[in-house]
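Trainee: I'd like a close look at salt bridges, please. Take it slowly, and tell me what each term means as you go.

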Amino acid sequence: MNAWRMTVSCALAASAMLAAGAAAQKKTDKPADDKCKIDFGGNDQVRSAYNTITLLQIGSKNPDDARKKLKTAISSLTSKSDFGKDQNARNFALGQALVTWYQLPGSTPTATAADLGYGGQSGSVNLLAAADSAFTSVETANPDCADNASVFRQQPWAKLINQVGPLVSAEKLDSATTMLNQAMTIYRGSPYDYYFQGQIAQRKNDWPTAATAYGKAVSLVTPEMAAKDSNAAGVKEFSEFSAAYAQLRQAQALSGPQQQDAMKKAAEGYRAYLKDYPSGANAQPAQAGLTAALKASGDTASLASLWKDMQASPTKYTDTQLYDAGTQAFTANQYPMAVALMELGRQQNPYLRPGLFNLANAYWENSQLDKMLDVAET
């Protein structure tokens with residue numbers, strides 16, 4: 001009687017989480033205590049361009065007419081490279097102009113410098129990359145302006161990021177990557193960026209990239225954001241689990257001491273998830289993943305401690321978690337513990353056939369043949 005059936009496998013469920021509700025994540029109006037001081041009226045060229053851009057952002061019915069006006073504004077803003085004390089105002093206005101152009105119907109991601117009105121330049125211009133460069137210059141000179149710039153960064157980002165999820169779900173990974181790269185060109189401060197980056201890497205079995213991306217997504221979801229946005233909360237929960245799983249898969253490709261170190265890191269990730277989400281949607285595979293990581297890392301002391309905690313507080317765990325922990329104990333040749341854990345699982349669910357099959361095997365190896373026969377017949 002040497003057959004053995006695993007009750008729970010450590011598998012990463014595909015996520016249906018999309019950023020369909022993602023929009024600008026900060027206020028679109030300036031806060032009362034705004035510390036970003038930019039004077040758009042100190043230079044005639046900047047003032048005129050800024051006023052034109054502001055009016056166009058409010059609305060324009062004719063895209064071609066809007067481009068003509070934006071071309072004039074960009075031309076005045078690029079007529080020279082140094083605007084002296086008005087450089088921040090010039091860079092901020094230029095970033096706004098490029099974002100506004102990008103969002104006009106019929107616009108393409110790139111345009112020639114001549115069509116845009118760039119003075120003294122030739123070749124093509126990536127609109128979002130150029131806007132990012134302009135805003136970054138402002139943010140570097142005055143970090144207090146980062147929130148103000150993010151308002152305009154997120155306008156094209158929101159439209160782009162909302163197209164990534166459906167492409168990932170449709171397994172159009174190249175298109176999803178292209179769209180995501182465009183979104184991240186202009187705005188890299190959203191957990192959705194790295195959540196989708198992790199999703200794409202996961203589907204390509206690129207586990208190191210997936211682990212890093214999911215970890216970044218977790219770090220960007222603040223408690224305030226999670227409390228206000230259920231989508232963001234879901235991204236954090238799934239990403240925290242997925243970061244640990246990706247680390248586990250990455251570790252499985254290694255060997256020797258490197259694998260043990262990587263498995264310890266995976267175990268840390270699973271512990272963090274289970275601490276934050278003890279009853280989370282992925283608590284069951286996380287528990288199985290933690291057991292697998294501890295076993296592979298050679299941390300038998302932590303593994304035994306985990307089993308003892310499950311034995312002492314079985315109501316904290318589901319029937320399948322208890323059965324699966326017993327399975328892991330069995331594979332570690334800890335037959336008395338395997339019996340104890342699976343008996344607790346049986347108390348919660350006496351009808352789980354794979355669990356009962358495993359319990360019968362555990363009784364066999366533990367020389368409890370009388371109990372084995374009863375369970376085997378059941």
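**Charged partners, one pair at a time**

Mentor: Start in helix 2, which covers residues 63-77: arginine 67 and aspartate 64 both sit there, three residues apart, or about one turn of the helix. (Helices are DSSP runs of H or I with at least four residues, strands are runs of E with at least two, and both are numbered from the N terminus.) Before we go on, keep in mind that this is a predicted model, where local features need pLDDT of at least 70 and side-chain atom pairs count only at pLDDT 80 or more, while totals for chains, interfaces and linings use all residues. Residues are numbered from 1 along each chain as its sequence is written, and side-chain values use heavy atoms, with hydrogens and water left out.

Back to our two residues. The side chains of arginine 67 and aspartate 64 meet in a salt bridge, at 3.3 Å from N to O. That term means a side-chain nitrogen of Lys or Arg within 4 Å of a carboxyl oxygen of Asp or Glu. The idea behind it is simple: side chains of opposite charge can pair when their charged atoms come close. Arginine 67 is buried, with a relative accessible area of 15%. (Buried means under 20% relative accessible area, exposed means over 50%, and partly exposed is in between, using a 1.4 Å probe and protein chains only.)

Now hop along to lysine 85, whose partner is aspartate 86; the closest N and O atoms of this salt bridge are 3.5 Å apart. Here the two partners sit in opposite settings: lysine 85 is exposed at 72% relative accessibility, but aspartate 86 is buried at 7%.

Next up is glutamate 139, which forms a salt bridge with arginine 153, their closest N and O atoms lying 3.1 Å apart. Glutamate 139 belongs to helix 5 (residues 127-141) and arginine 153 to helix 6 (residues 146-169), so this pair ties together parts that are 14 residues apart in sequence. Both glutamate 139 and arginine 153 are buried. They have company, too: salt bridges with shared partners join Asp132, Glu139, Arg153 and Arg188 into one network.

Stepping back, the structure holds twelve salt bridges. The ones we visited include a pair inside helix 2, a pair with one exposed partner, lysine 85, and a pair that ties helix 5 to helix 6. When you turn the model around, try finding arginine 67 and aspartate 64 first, then look for the network that includes Glu139 and Arg153.
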